[in-house]
Amino acid sequence: MTVPLAILALAAMVALLLGVSARSGRSMGLEEWTVGGRHFGFILVFLLLAGEIYTTFTFLGASGSAYGLGAPAYYILCYGTLAYIIGYFVLPPVWAYAKQHGLVSQPDFFARKYDSPALGVLVTLVDIVALVPYLVLQLTGLGIIVTAAGAGVIDEDVAIWIGAAVVTVYVIVSGIRGSAWTAVVKDVLILAVIVFLGVYLPLHLHGGIGAMFGAIAEARPGFLTFPAHGQSVWWFVSTVLLTALGFFSWPQAIAACYTAREPGTFRKNAIVLPLYQLILLFAYFIGFAAVLHVPGLTGAQTNLALFKLVVQEMPPWAVGIIGAAGVFTALVPGSVLVMTTATLIARNLYAVARPWAEAGEIVTVAKVLVPVVMLVAVHFALAHNATIVELLLVGYSFVTQLFPALVASLLPRLRATRSGAFAGILVGVTTAALLTFTHTTMATLFPFLPAGVNDLNVGIIALALNVAVFAGVSAVSRR
Amino acid sequence: MKPIHWLSMIPPVGMLAGPLLHNEVHPFILGMPFPLGWIAVWIVLTAIVMAIVYRLDPANR
């Protein structure tokens with residue numbers, strides 16, 4: 001076993017021990033396993049919400065997209081910041097309603113608010129379809145990290161299987177409390193590693209951050225600014241707005257919201273979390289540092305930019321520590337995602353079909369489903385055919401369709417109807433799926449429109465149709 | 001929306017306006033290209049604006 005692989009194995013063991021110790025002395029009922037008994041304070045809620053930022057996506061995706069795309073990657077830095085502003089207003093009423101009615105999942109909220117179990121089932125299905133690419137993303141990242149750190153000793157497919165097994169065991173033994181406490185270790189590790197690499201690599205390879213950008217601007221003119229067509233500034237603005245709207249539509253984000261002790265927690269987090277986003281700058285610096293020193297990576301290979309550069313420039317023990325940070329960034333969010341998916345199926349599909357099922361039975365079903373969900377994710381992860389950023393954007397295109405019905409349900413007078421919400425989500429998701437899987441853009445749909453409009457993120461069409469159908473059907477069915 | 005809440009609309013407009021109005025490579029902060037440096041500055045300003053909103057929001061009092 002190589003030195004980096006030994007450090008990676010140690011990191012996985014530490015994570016498992018943390019998960020087991022976090023649950024000690026607590027019985028794992030449904031509410032404890034999924035929302036930590038609603039006792040989490042500012043720090044733990046902060047870490048669960050911040051876990052959304054510092055996943056494998058940050059570690060490999062942000063650096064890989066800076067390497068592969070240049071300026072269009074800047075959108076990753078913006079959308080979280082704007083989402084926290086939305087969270088300031090949306091999360092406190094969602095939390096209060098969930099606490100009042102004892103809700104433990106996001107579809108519970110829709111089903112209860114609109115008094116429609118069918119809407120709860122639809123939201124569950126949308127969530128599952130969106131969560132799978134997000135989980136695949138974490139496994140893909142794990143595979144890359146283990147393979148790169150082991151210098152090819154372990155095949156990437158084998159690494160994905162090992163990662164899936166570790167995440168499965170971790171989730172079954174620890175629940176959400178384990179994820180929150182392991183997130184402490186994960187965030188300290190990842191912050192130290194990203195800031196160190198983001199400062200060291202530009203300094204070591206170029207003599208400084210400014211010098212690095214100067215060298216890139218000279219070697220690749222236009223790479224650091226938005227292109228005139230395609231992923232232009234208009235694409236950037238529309239993508240930032242769409243993903244910001246989708247940020248708190250993810251079921252695991254709402255589940256993290258349920259864990260809070262009181263609503264002021266979210267408002268405080270809206271101040272601190274934007275500053276946390278700044279660490280992403282250092283992930284960009286790593287990706288940009290690789291542009292001139294690890295040339296030639298294209299498509300899904302751009303995921304490898306960070307590790308190719310690290311293996312090239314750092315000693316084996318340092319590669320091991322950086323890999324260990326990467327393992328944590330896949331393990332913690334991966335565990336939250338798989339737990340959310342399994343809970344959704346158990347609580348919002350199985351329990352709807354068997355309304356007499358007791359809470360203990362639902363927890364057992366959820367735990368049995370964890371390895372099943374992982375097997376599905378492994379199946380897609382082994383295909384190796386998408387960049388990490390593409391995977392996340394697919395998930396976002398689906399969950400963003402839940403945002404109009406979520407916001408409408410929080411208005412002082414509920415003018416929306418269950419039929420309107422159901423029809424809007426169904427039309428929005430169907431449109432998003434068609435546009436995503438046929439690789440349709442605004443330019444192919446409306447070639448006669450001006451260039452700026454043609455560059456807009458095509459997800460706007462799905463959202464606009466969603467809102468139009470939602471409003472129209474609500475107006476008709478309210479009579 | 002309380003009047004103080006409208007303050008939180010400033011960061012999204014400010015952050016997205018920079019790259020729209022000045023999509024140029026010249027260094028802005030730490031030698032970063034202008035759009036990236038502008039976004040970084042507005043992230044800090046967002047935290048400041050949200051701290052003001054939090055402080056003055058009647059719900060928090």
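How much accessible surface does chain B have, and what share of it belongs to carbon and sulfur atoms? The answer is about 3100 Å², with 73% of that on carbon and sulfur. Keep in mind from here on that we're looking at a predicted model.

Let's stay with chain B for a moment. Chain B is built with two helices and zero strands. It has 61 residues, and 43% of them are buried. If you take the contacts inside chain B with a separation of 6 or more, 47% are between residues 24 or more positions apart.

Now turn to chain A. Here you'll find 22 helices, and again the strand count is zero. Chain A runs to 479 residues, of which 62% count as buried. Its accessible surface comes to about 16800 Å², and carbon and sulfur atoms hold 70% of that. Among the contacts in chain A with a separation of 6 or more, 85% link residues 24 or more positions apart.

To see what such a long-range contact looks like, go to helix α16 of chain A, residues 359-381, and pick out Ala377(A). Ala377(A) is buried, at 1% relative accessibility. Setting aside the neighbours within four places in sequence, Ala377(A) is in contact with Leu135(A), Val136(A) and Leu139(A). Take Leu139(A) from that list: along the chain, Ala377(A) and Leu139(A) are 238 residues apart, yet their C-alpha atoms are separated by 7.7 Å.

Another residue to stop at is Thr124(A), in helix α7 of chain A. Is Thr124(A) buried or exposed? It's buried, because its relative accessible area is 0%, and the cut-off for buried is under 20%. The side chain of Thr124(A) reaches the backbone oxygen of Gly120(A) at 2.7 Å. Beyond residues up to four places away in sequence, Thr124(A) touches Pro107(A), Leu344(A), Asn348(A) and Leu349(A).

Next comes the loop between α6 and α7 of chain A, where Asp115(A) is found. Asp115(A) counts as exposed, at 54% relative accessibility. Its backbone deserves a look too. Most residues other than glycine have a negative phi. Phi of Asp115(A), though, is near 50°, a positive value in a residue that isn't glycine.

Asp115(A) also has a charged partner. Side chains of opposite charge can pair when their charged atoms come close. Here, the side chain of Asp115(A) meets that of Arg418(A) in a salt bridge, at 3.8 Å from N to O. Arg418(A) belongs to helix α19, residues 418-437, while Asp115(A) sits in the loop between α6 (106-113) and α7 (117-149), so this pair ties together parts of chain A that are 303 residues apart in sequence. Arg418(A) is partly exposed, with a relative accessible area of 43%. And how many salt bridges does a search of the whole structure find over all chains? Just one.

That leaves the place where the two chains meet. The size of an interface is often given as the accessible area lost when the parts come together. For chain A and chain B, about 2800 Å² is buried between them, and 84% of that is on carbon and sulfur atoms. On the chain A side, the elements that give two or more residues are α5 (75-101), α9 (209-219), α10 (233-247), α12 (264-277) and α13 (280-291). The most comes from α12(A), with eight residues. Sort the residues on this side of chain A by type and you get 27 nonpolar, five polar and two charged.

Counted as residues, 34 of chain A are in contact with 31 of chain B. What holds no place in this interface is a salt bridge: the count between chain A and chain B is zero. Polar contacts do turn up across the interface, in two residue pairs, both at pLDDT 80 or more.

For a close-up of this meeting place, find Ser8(B), in the segment before α1 (10-21) of chain B. Ser8(B) counts as buried, at 0% relative accessibility. What surrounds Ser8(B), leaving aside neighbours within four places in sequence? Its contacts come from both chains: Ile85(A) and Phe89(A) from chain A, and Val49(B), Met50(B) and Val53(B) from chain B.

Note on methods. Residues numbered from 1 in each chain as written. Chains lettered and ligands numbered in written order. Heavy atoms only, no water. Salt bridge = Lys/Arg side-chain N within 4 Å of Asp/Glu carboxyl O. Helix = DSSP H or I, 4+ residues; strand = E, 2+ residues; numbered from the N terminus. Buried < 20%, exposed > 50% of the residue type's maximum accessible area, 1.4 Å probe, protein only. Contact = heavy atoms within 4.5 Å. Buried area = accessible area lost by both parts, 1.4 Å probe. Polar contact = N/O pair within 3.5 Å; in protein donor to acceptor, adjacent residues only side chain to side chain. Nonpolar A, V, L, I, M, F, W, Y, C, P; charged D, E, K, R; others polar. Areas by Shrake-Rupley, 256 points an atom, 1.4 Å probe, with all protein chains shown as cover.
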